[in-house]
Amino acid sequence: MKKILILNGPNLNLLGKREPGVYGNQSFEDYFETLKAVFPDVELHYFQSNHEGGLIDKIHEVGFSFDGIVINAGGYTHTSIALADALSSVTTPAVEVHISNIHARESFRHHSYLTSRCKGIIAGLGLRGYELAVRYFV
Ligand SMILES: O=C(O)[C@@H]1C=C(O)[C@@H](O)[C@H](O)C1
């Protein structure tokens, strides 16, 4: 059975309440239940942290045994060389996801330190982007 980690960064614990016009009105916990039903034969794991080091530790934890990482690093996408290095340090491939279209937003969101360390990026498709990213690995 394929093992996939969905890794969410800062402020994504507030999905459903946080800027619903941008990020939607569904919590990730609710969405994750739907996602597990879409992929009954995949071992889906979900971890969220508001702390850069917590995200890095999780990448180290799964990065030599899991089949894929789906990462939405939130704001750390645009700032974290350490997270980019963590993705480069492990063998598990990653797909980057953003709920919003970061290229249609403020210019500071247009650059990602992570994309060059990922197989690809899905942005602007809402929570559906996570499903599409998991589908890449199964
Ligand atoms: O669209 C998203 O999921 C990303 C989520 C965030 O929290 C922002 O900091 C990013 O800039 C965009």
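## Ligand shell and a helix pair

User: What makes the approach of His78 to the ligand a polar contact?

Analyst: In this predicted model, an N or O atom in the His78 side chain lies 2.7 Å from an oxygen atom of the ligand. A polar contact is a pair of N or O atoms within 3.5 Å, so this pair counts.

User: What makes the approach of Arg109 a polar contact too?

Analyst: A polar side-chain atom of Arg109 is 2.8 Å from a ligand oxygen. The cut-off is 3.5 Å, so the pair qualifies.

User: How do you know that Gly75 makes a polar contact with the ligand?

Analyst: Here a polar backbone atom of Gly75 is 3.1 Å from an oxygen atom of the ligand. That is within 3.5 Å, so it counts. As for cover, the protein takes up 98% of the 310 Å² of accessible area that the ligand has on its own.

User: Which residues are around the ligand, and how do they divide?

Analyst: Among them are Arg18, Tyr23, Asn72, His98 and Ser100. The shell divides into three nonpolar, six polar and three charged residues. Gly counts as polar, so Gly74 and Gly75 of the shell are polar.

User: How do you know that helices α2 and α5 come together?

Analyst: The axes of α2 (residues 28–38) and α5 (residues 128–137) come within 10 Å and cross at roughly 35 degrees. The crossing is right-handed. Residues of the contact include Phe28 and Tyr31 of α2, and Tyr130 and Glu131 of α5.

User: How do the residues of that contact divide?

Analyst: They are six nonpolar, no polar and three charged. Glu counts as charged, so Glu131 of α5 is a charged residue of the contact.

Terms used:
Residues numbered from 1 in each chain as written. Predicted model: local features only at pLDDT ≥ 70, side-chain atom pairs only at ≥ 80, totals over all residues. Heavy atoms only, no water. Axes fitted to C-alpha atoms, helices over the stretch in contact; angles between N-to-C directions. Helix = DSSP H or I, 4+ residues; strand = E, 2+ residues; numbered from the N terminus. Left-handed = near helix turned anticlockwise from the far one by under 90°. Contact = heavy atoms within 4.5 Å. Near = heavy atom within 4 Å. Polar contact = N/O pair within 3.5 Å; in protein donor to acceptor, adjacent residues only side chain to side chain. Areas by Shrake-Rupley, 256 points an atom, 1.4 Å probe, with all protein chains shown as cover.
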